[in-house]
Amino acid sequence: MVRKGWKQVTLGDIALFQGGSQPPLSFFSSQKKAGYIRLVQIRDYKTDKYATYIPEKLAKRFCKQDDIMIGRYGPPIFQILRGIAGAYNVALIKALPQGVDKEFLYYTLKREDLFEYIDLLSRRTSGQTGVDLTNLKAFELSIPVLTDEQAAIAKALSDVDSLISSLQKLIEKKKAIKQGAMQELLTGKKRLPGFSVEWSQAPFEDLFDFLPTNAFTRDQMTDTGTIQNVHYGDILTKYGACLDMANTDVPYLLETGPVRKYSESSYVKEGDVIIADTAEDSTVGKCVELVNVCGKVLSGQHTMLCRPKVTFAPKFLGYYMNARCFHNQMLPFITGIKVSSISKANISTLVLKYPTLVEEQQAIAQVFSDMDEEIAQLEKKLAKYQQIKQGMMQELLTGRIRLVDADGKEQPKTKILQEKKSQPAHNQHFDDAVMIAGIVNAFYSEKYPLGRKKVQKLLYLVRRKEQADISAFHKKAAGPYADEVRYKGGEPIAQKNKYIQVKRSKKGSRFEKGVQLQQAMAYLQEWGKQADIDWLVSQFQYTSVNELELLATVDMAICDLQREGKEISVASIKDLIRSNEEWRDKLKKTYFRDSDIQRAIKKCQDLFES
């Protein structure tokens, strides 16, 4: 049944499909030069690594960045692509709208039932023939008669795509921040507050024993349910460097399986490290530390089972041995072309430089564990929005949910489109509440309590970065401090909305994540403020409270001196601090020495002068 205001068509009725073209391979060039144009191929939509150019005079089919392109061959077959300009080759088809909205056609071609139709036809012909244009054009569907309704559907789906894209970019940024932090913290270039003991250094063979692993036939691998059933590359991709055996679907050894008995030394234990020693991909040298082992598990083929001789903090080895600082030592010893491997003898010679104190190892591991948790939450949110989008496509592209009625009038937003909640009206107090929630989300750690002093300094610094009004902050003993934010502004609003919790003790207030924190995170995303939180993290992730007090105080002094047209110097900063009764005692603190003030001036000018 065709819905009122919709009509039955075939894809051939609403789109013109143009196949690609290319000159002989002898004209291909890997370098762009005068008179040449990019030859767009399916692989180019994933990477620019293999960019190819051809003489423009030999090019016959051209595409713009916003053109709708179809991957004719697979796997996977029938990819809907866009985003590259150039001349396109024979593996691509361009889809040109005929009497329909262009964006609506783009989403129509991404329908699940259309993909299944094309995939089924391809598999019936051995999966080698690619997309058959005749069959593609013959696909039947119904579409809105009015282009306004088509455009409304496309806009709704495009909005969700934008949200998904922003989350993907944020996840990549968080991963990049984590990689940078690993390079700093796992090499000792940067130390966490409170740790100064010199690090230890020793070869791998002095710190680990190599234990026997086990080989199984293919049938035994299926029947026993051992850990080796899962490819180690998949383990690292899915679970990361630390595999929590109590919270994964990696199977344990079945007691009733047709497997001979093994000695206790063959079973893995808590804290063991498994290294992939042979593989056909880049898995070789990758490591997995096992956490919460509570059943009988065997390390399988093509692995080394390594058991620490000394005590390491849980999860520290998982992060350390997968960091570039350690893995790069392995690279010269990895041999082979199609199948790569590394030997125990070579692993034994590798040197570990690591924190002597287990407490420092634990603190470092906690930093990365917190980062992983944040990334995992973002990935869950991403999966949720991707699922919502699939549901929206199913409902909107079939007309089961209408955005305009049969007479062309706009309908109220449906529940499925209200996932992205409407924003509350902006005001400084609510903005501060959301920003405080973002700060708590980024800087909270169980091991290092997040107090009000640090939150206030970070809020001040982010306002300066935004070139926003800082008049609410006054010269207090702890540095720039906003009573308004604490008592009637952002902090009580953030607590009332359950974005944060503030727990009080004899040691002071401690800020923690609230049950509705993700709602504030959504506002940060929608308002484009997440970049400011990322900036705070990149600049001050490991900065002590005293250092933040120094920076914020010096910056506020610089602002005052600039307004008065006075020179910025250590002497003028000290004079201004000395002139304020609340601030005067700062100059007695060890972290307000002349050298510290000079360093803070330089830092503040670098951060805020532009």
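This report walks through a cavity, a helix crossing and a sheet in a predicted model.

## The cavity

Let's start inside the protein. Searching the whole structure turns up 1 cavity of 30 Å³ or more. The volume of the largest cavity is about 40 Å³.

Its lining is made up of Ile 436, Arg 452, Val 455, Gln 456, Leu 459, Val 485, Glu 491 and Phe 511. By class, the lining residues of the largest cavity comprise 5 nonpolar, 1 polar and 2 charged. If you would like to know which element to look at here, helix H14, spanning residues 452-465, contributes the most to this lining, with 4 residues.

## Helix H14 and its crossing with H19

Helix H14, which gives the most to the cavity lining, also crosses another helix. Its axis and that of helix H19 (residues 545-563) come within 10 Å, crossing at roughly 40°. Angles from 35 up to 65 degrees fall in neither the roughly parallel nor the roughly perpendicular class, so H14 counts as oblique to H19. The handedness of the H14 and H19 crossing is left-handed.

## A four-stranded sheet

Elsewhere in the chain you will find an open sheet of 4 strands, ordered E4-E3-E8-E5, with mixed pairing. Strand E4 (53-55) and strand E5 (62-63) are at the edges and have a single partner strand each, so each has one side left without a neighbour in the sheet.

For a closer look at one pairing, take E3 and E4. Strand E3 (residues 36-40) runs antiparallel to E4, and 3 bridges join the two. One contact to pick out is Arg 38, whose bridge partner in E4 is Tyr 53.

Conventions
Residues are numbered from 1 along each chain as its sequence is written. This is a predicted model: local features need pLDDT of at least 70, side-chain atom pairs count only at pLDDT 80 or more; totals for chains, interfaces and linings use all residues. Side-chain values use heavy atoms; hydrogens and water are left out. On a 1 Å grid over the protein atoms alone, a cavity is a set of points where a 1.4 Å probe fits but cannot get out, and a pocket is an open set with protein on both sides within 12 Å along at least five of seven lines; lining residues have an atom within 4 Å of a point. Grid points are joined across faces, edges and corners, and a volume is the space filled by probe spheres set on the points. Ala, Val, Leu, Ile, Met, Phe, Trp, Tyr, Cys and Pro count as nonpolar, Asp, Glu, Lys and Arg as charged, and the others, Gly among them, as polar. Two strands pair if DSSP finds at least two bridges between them. Axes are lines fitted to C-alpha atoms, for helices over the stretch in contact, and angles run from 0 to 180 degrees between N-to-C directions. Angles under 35 degrees count as roughly parallel, over 145 as roughly antiparallel, 65 to 115 as roughly perpendicular and the rest as oblique. A crossing is left-handed if the near helix is turned anticlockwise from the far one by less than a right angle, and right-handed if clockwise.
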